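The report below works through one chain, from its charged pairs to its helix packing and its sheet. Please keep the sequence and the three-dimensional view at hand while reading.

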Amino acid sequence: MDIDDILASVSGEHDAPSAIRDLHALTRAWVAERSAPELLPYPSGIVDRVSTRISAQIATVEDLTSALDPSANFALVVIQTDLERAKFLLRALLRTRLAKMDRFARHYLSLSDQQSGGREEKNPLLSGTEKQYLAHHSAMLDAHYAASFLGSFPPALQRMDDTAGGIGMVDRPDEETAVFVRILRDGDEAVEVQGEHGAAEIELRRGDVWVLRWKSVRDRVLRGDVELI
């Protein structure tokens, strides 16, 4: 029996291949989130399925531990190892997203407000918990800045989102950031790139690996035609 068989036999599950696919998808989501300069849509399906599996495995570990069955020791080690792997990937993904929200809090708060004011999106940028965190985080920052120094400024200079003079005060992700990408499907349109000899256009073919500006491949990444590596 391999590890997948052990996990399936102990937990009573018969979808071990599906669970492995979810872990692979979670790994790709984490890598993509780390590589992208801005937040990607919240992968609710993957996160929900992995979270449910983590809860089930924790219950299984507790049952095996309380049973005091020596024959289950190896299975217990396997389950705990698989459990820690899933927890690490899930925490890493969420912490990467939190770091971006902390850095560009006001920018993503405005995007969240726009989403709330419009129709429900199929792939929302933020989860409900992330929206709550972002709102509380921004409110605490505003209160801290007001108590520290903004309160002593004239009212006209207290805004944190001023755009006077054509210069915005809200930090935004850099869309010119270079990212490594792998082409999953042939592109219908050429992509403009900037090389040492000037601008040029390239064809994106399946299997190719490129270093491109994020803004030139952003839509393709969201469609699933290109993946970040």
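A salt bridge is taken here as a side-chain nitrogen of Lys or Arg lying within 4 Å of a carboxyl oxygen of Asp or Glu. The model is a predicted one, and by this rule the count comes to 16 salt bridges. As background, side chains of opposite charge can pair when their charged atoms come close.

**Charged pairs**

In one of these pairs the side chains of D82 and R53 meet, with 3.8 Å from N to O. This salt bridge links distant parts of the chain, since D82 belongs to helix α4 (residues 73-103) and R53 to helix α3 (residues 44-67), with their positions 29 residues apart in the sequence. Are D82 and R53 buried or exposed? D82 is buried, and R53 is buried as well.

A pair of another kind is found within helix α4, where the side chains of E84 and K87 form a salt bridge of 3.5 Å, N to O. E84 and K87 are three residues apart in α4, which is about one turn of the helix. A further salt bridge joins D219 to R218, whose closest N and O atoms are 3.8 Å apart. The four residues of these two pairs have the relative accessible areas listed here, and the class of each follows from the limits of 20% and 50%, between which a residue counts as partly exposed.

| Residue | Relative accessible area | Class |
|---|---|---|
| E84 | 41% | partly exposed |
| K87 | 24% | partly exposed |
| D219 | 48% | partly exposed |
| R218 | 29% | partly exposed |

Beyond separate pairs, salt bridges that share partners join E33, R97, K100 and E130 into one network.

**Helix packing**

Two packed helices are described by the angle between their axes and the distance between the axes. Helices α3 and α4, which the D82 and R53 pair links, pack at an angle of about 150°, and their axes are 10 Å apart. Because an angle over 145 degrees counts as roughly antiparallel, α3 and α4 are roughly antiparallel to each other. Their crossing is left-handed. Which residues bring α3 and α4 into contact? On the α3 side the residues that meet α4 include V47, V50, I54, I58, V61 and L64, together with R53, while on the α4 side they include L76, I79, L83, L90 and L93, together with D82 and K87. The salt-bridge partners R53 and D82 are thus listed among the residues of this helix contact, and both are buried.

Helix α4 also packs against helix α6 (residues 128-148), here at an angle of about 35° and again with axes 10 Å apart. In this case α4 passes α6 in a right-handed crossing. The residues R97, L98, M101 and D102 of α4 meet E130, Y133, L134 and H137 of α6. Two of the residues named in this contact, R97 and E130, are also members of the salt-bridge network that includes E33 and K100.

**The sheet and its helix**

Strands of a sheet pair through backbone hydrogen bonds, either parallel or antiparallel. In this model three strands form an open sheet in the order β4-β1-β5, with antiparallel pairing. Strands β4 (209-213) and β5 (226-228) stand at the edges and have a single partner strand each, so one side of each is left without a neighbour in the sheet. From one strand to the next the twist averages 45°.

Strand β1 (residues 178-183) is joined to β5 by three bridges, and these two strands run antiparallel. Within that pairing, R182 has E227 of β5 as its bridge partner. Helix α7 (residues 214-223) packs on the sheet and touches β1, β4 and β5, with a direction that makes about 115° with that of β4.

After β1 comes a loop leading to β2 (191-195), and E189 lies in this loop. E189 is exposed, with a relative accessible area of 56%. The C-alpha atoms of E189 and L204 are 8.1 Å apart in space, although the two residues are 15 residues apart in sequence.

**The chain as a whole**

The chain has seven helices and five strands, and along the sequence they follow the pattern α-α-α-α-α-α-β-β-β-β-α-β. Of the 229 residues in the chain, 35% are buried. Among the contacts with a separation of 6 or more, 70% are between residues 24 or more positions apart.

Technical notes:
Residues numbered from 1 in each chain as written. Predicted model: local features only at pLDDT ≥ 70, side-chain atom pairs only at ≥ 80, totals over all residues. Heavy atoms only, no water. Pairing = 2+ DSSP bridges. Helix = DSSP H or I, 4+ residues; strand = E, 2+ residues; numbered from the N terminus. Axes fitted to C-alpha atoms, helices over the stretch in contact; angles between N-to-C directions. Contact = heavy atoms within 4.5 Å. Buried < 20%, exposed > 50% of the residue type's maximum accessible area, 1.4 Å probe, protein only. Parallel < 35°, antiparallel > 145°, perpendicular 65-115°, else oblique. Left-handed = near helix turned anticlockwise from the far one by under 90°.
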